[in-house]
Amino acid sequence: LGYAGVVRFRGVRIGGISGIFKSHDYRKGHFECPPYNQQTIRSAYHVRNIEVFKLKQLKHPIDIFMSHDWPRSIYHYGNKKQLLKMKSFFRQEVESNTLGSPAASELLQHLKPTYWFSAHLHVKFAAFMQHQTNYKEELPKATKFLALDKCLPHRDFLQIIDIEHDPSAGDSLEYDAEWIAVLKATNSLVNVTQSSWNMPENNGLHAKWDYSATEEAIKEVLEELNHNLKIPCNFTLTAACYDPSKPQKHVEPVHTINPQTTEFCAQFGLTDINDRIQQAKEEGSVRGEYEEEEEEEMDSTGSAEEPSEYNTDNSGLSSINPDEIMLDEEGGDEDLSTCSVDPSPDHPPDFSASFSDIRIMPDSMAVSSDDAMDSTNEELEKSGVSKQVEEKSLNERPLKRIGGNENGNSGIKKIKRRNQAIYAAEDEDKTE
């Protein structure tokens, strides 16, 4: 799926978007590549507006959508009381409606997929969101949301869901013709610089703002592929496999052009972002921009960007998930403190609630500690629906930061798990 994408499997249409949201990086292009420096390692894993824009061009229904970060406000449509019991450090952001990604929330309201799966917050949570219809004759749509816990002993990290599909379809992944048409239509918007830029809008400033695929464009894609949408099994090894007998420490990563991506872009006449970044890097322009922006950030307390459409004030937010996998911070003055509030042994968590056990959020979106829903007393009737709720204004949540070492050098960034010892523990959760 890449940064964002749509594929098909046995008639099921599956979409996804990678990364978490940070408004400072949201309107930049994809400019990062190994070896990362202090600034690029922080922005590489954030969602960009071009990916959201491309996904919003889709018109045909989506069956399943996946994102790492939760859509903002989705917690209002499930057992919020149980969620806060398990993760009490989410309370401030839940009550201020700032937990999760506003970009994902935007896509949720636009795509209205049947299922939405997320991760990131390391807790099992189910929700049922009824969407508002735009036309009287339109049938109401609903999204069943599910997030799962970490894959550890005694944790709720697995749930089996039966999805309606075409049993006569092949067992291979297939391209999605509409998505390919959207990629072709938006190819001119690709940007590999870190300059802030906005997507075309119907605001009088852009000659074209609708890049959705026409039926003719979709037909052209099908004809180009001779109606064979099967994705080729053309995996190619681009990095040496890890050999524990020959450990290589302190090896700086290098920027690699993926041959699968090259072949895909060549087949459909698309810009290979990785290749474009490499070209810019060789010309020396990208590295110069990196250093220039780093100097701007050091010399000024403000942002060199134009104001973002999302609120970037994180001063009132303190919720941090201690279960999250963190990037190693070798020193620095921006270390994140951790706090953990585990459920009481006398009140063990109950994750038995399924999609059908969750009620739809009432009309009011005002949130307080008293209005959290309790699914044990309020069950959703399968045939009943409630009116769609209006989302509150979008704000940003605090995200992980990367600090330098004591000498001010970024060093080699490593991935570590805060609780690595848990994996070797036999009864890790018995004391929780």
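Reader: How many bridges join β4 to strand β6?

Author: This is a predicted model. In it, β4 and strand β6 (residues 142-147) run parallel. One facing pair is serine 118 and alanine 147 in β6. The number of bridges that join β4 to β6 is four.

Reader: Which residue in β4 is the bridge partner of methionine 66?

Author: Strand β3 (residues 64-67) runs parallel to β4. Four bridges join the two. Methionine 66 has its bridge partner in β4, and that partner is phenylalanine 117.

Reader: In which strand is confidence highest, and in which is it lowest?

Author: The protein averages a pLDDT of 75. At least 70 is reached by 66% of the residues. Confidence is highest, at a mean of 98, in strand β4 (residues 115-118). It is lowest, at a mean of 44, in strand β8 (residues 326-327).

Reader: How many contacts does the stretch of residues 293-319 have in the model, beyond near neighbours in sequence?

Author: Here the pLDDT is below 50. Where pLDDT is low, predicted coordinates should not be read in detail. With that caution, the contact count for residues 293-319, beyond near neighbours in sequence, is 53.

Reader: Which helix gives the most to the largest nonpolar core?

Author: That core has 50 residues. Leu55, Trp70 and Phe90 touch the most other members. Six residues come from the helix that gives the most, α7 (residues 177-185).

Reader: How many residues does the second, separate core have?

Author: Its members include Ile50 and Phe53. Leu189 and Met199 are also among them. The number of residues in this second core is six.

Definitions and conventions. Residues numbered from 1 in each chain as written. Predicted model: local features only at pLDDT ≥ 70, side-chain atom pairs only at ≥ 80, totals over all residues. Heavy atoms only, no water. pLDDT = per-residue confidence, 0-100. Contact = heavy atoms within 4.5 Å. Core = buried A, V, L, I, M, F, W, Y, C linked by side-chain atoms within 4.5 Å. Buried < 20%, exposed > 50% of the residue type's maximum accessible area, 1.4 Å probe, protein only. Pairing = 2+ DSSP bridges.
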